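Colleague: Could you take me closely through the ligand site of this model, contact by contact, and then add what you can on the backbone and the surface elsewhere?

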Amino acid sequence: MKENKIAIRVDDLTVAYNYKPVLWDIDLKVPEGVMMAIVGPNGAGKSTLIKSILGIVKPIAGSVSVFEKPYKKQRKLVAYVPQKGSVDWDFPTTAKDVVLMGTYGHLGWVKRPGLKEKKAALEALEKVGMLPFKDRQISQLSGGQQQRVFLARALVQDASIYFMDEPFQGVDATTEIAIINILKELRKTGKTLIVVHHDLQTVPEYFDWVTFVNVKKIATGPVKDVFNDDNLTKTYGINYKVAVNK
Ligand code: ADP
């Protein structure tokens, strides 16, 4: 098998809020083309790990690279769907405009989106089943619909690596299937997906790679090798029966 490139490399990463470490000495190598779940209990540092890779949170030690270069130089290769609760939904803007914002990274500061960008935005909305809602204010959409709009925004960015912070939070079963199908399609085209995920039951079905975090990195690797009772117990502190052998 061909040796994949390293999409994300994290070395000795330590992050603290108000001097309290929430991530401790994390090393991580994520190969290109995997679909990786980040799992761990509430407050384990999963969101913080993503935010520090994206330069949103500053680490107190360690380094991160995206395809072996600093994130700052690779911004355009990365798309991020933040956690739903962290977005100001009252912001007066339509679904279409939220998606159009995803194209700005490619345009630079002065250019405005043109026909090409508008067409891409409508296509992405169609893909996530939200075209009929294109002119609706985002504050007037349901949680699952808002999540789909943000996924569409990430799609128009045409990135190489997609970070998503709990994309299935508060969405119905139909939306969850729609989202996972889009993610699997992205993986088929060689994209790398890194997803904070809550539902341990669906890890083996949705993902091929997994990282266990609880302040420290407990384990990382192919789901078939590391998604086991031992790592679940080390991460969650109680004995977890794994669904994999069912
Ligand atoms: P997870 O995503 O695994 O639930 P987080 O990365 O959100 O965990 O948070 C890790 C820890 O850091 C938690 O104890 C949380 O309360 C704390 N934390 C997160 N963000 C901040 C912040 N901006 N300021 C202070 N503490 C924070």
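Modeller: What follows begins with the ligand site and then turns to two loops and a surface patch.

This is a predicted model, in which local features need pLDDT of at least 70 and side-chain atom pairs count only at pLDDT 80 or more, while totals for chains, interfaces and linings use all residues. Residues are numbered from 1 along each chain as its sequence is written, and side-chain values use heavy atoms, with hydrogens and water left out.

The shell around the ligand, taken as residues with a heavy atom within 4 Å of it, consists of Tyr17, Val22, Pro41, Asn42, Gly43, Ala44, Gly45, Lys46, Ser47 and Thr48. By class, this shell holds four nonpolar, five polar and one charged residues, where Ala, Val, Leu, Ile, Met, Phe, Trp, Tyr, Cys and Pro count as nonpolar, Asp, Glu, Lys and Arg as charged, and the others, Gly among them, as polar. Helix α1 (residues 46–53) gives the most to the shell, with three residues; helices here are DSSP runs of H or I with at least four residues, strands are runs of E with at least two, and both are numbered from the N terminus.

Turning to polar contacts, which are pairs of N or O atoms within 3.5 Å, a polar side-chain atom of Thr48 lies 2.4 Å from an oxygen atom of the ligand. The backbone takes part as well: a backbone N or O atom of Gly45 is 3.0 Å from a ligand oxygen, and a polar backbone atom of Ala44 is 3.1 Å from a ligand oxygen. Taken alone, the ligand exposes 560 Å², of which the protein buries 59%, with accessible areas coming from the Shrake-Rupley method and a 1.4 Å probe.

In the loop between β1 (6–17) and β2 (20–31) sits Asn18, whose phi is near 50°, a positive value in a residue other than glycine. Asn18 is exposed, with a relative accessible area of 75%, given that exposed means over 50%, buried under 20%, and partly exposed in between. Glu68, in the loop between β4 (61–66) and α2 (71–74), also has a positive phi, near 65°, and at 46% relative accessibility Glu68 counts as partly exposed.

On the surface, Phe91, Met101 and Tyr104 form a nonpolar patch with about 300 Å² of accessible area together; such a patch joins nonpolar side chains within 5 Å, from residues with over 30% relative accessible area and no salt bridge (a side-chain nitrogen of Lys or Arg within 4 Å of a carboxyl oxygen of Asp or Glu). Met101 belongs to helix α3 (residues 95–101) and is partly exposed, at 32%.

How values were computed
A polar contact is a pair of N or O atoms within 3.5 Å; within protein, one must be able to donate a hydrogen and the other to accept it, and residues adjacent in sequence count only if both atoms are side-chain atoms. Patches are made of residues with over 30% relative accessible area and no salt bridge: like charges are joined within 9 Å, nonpolar side chains (Val, Leu, Ile, Met, Phe, Trp, Tyr) within 5 Å. Buried means under 20% relative accessible area, exposed over 50%, partly exposed in between (1.4 Å probe, protein chains only).
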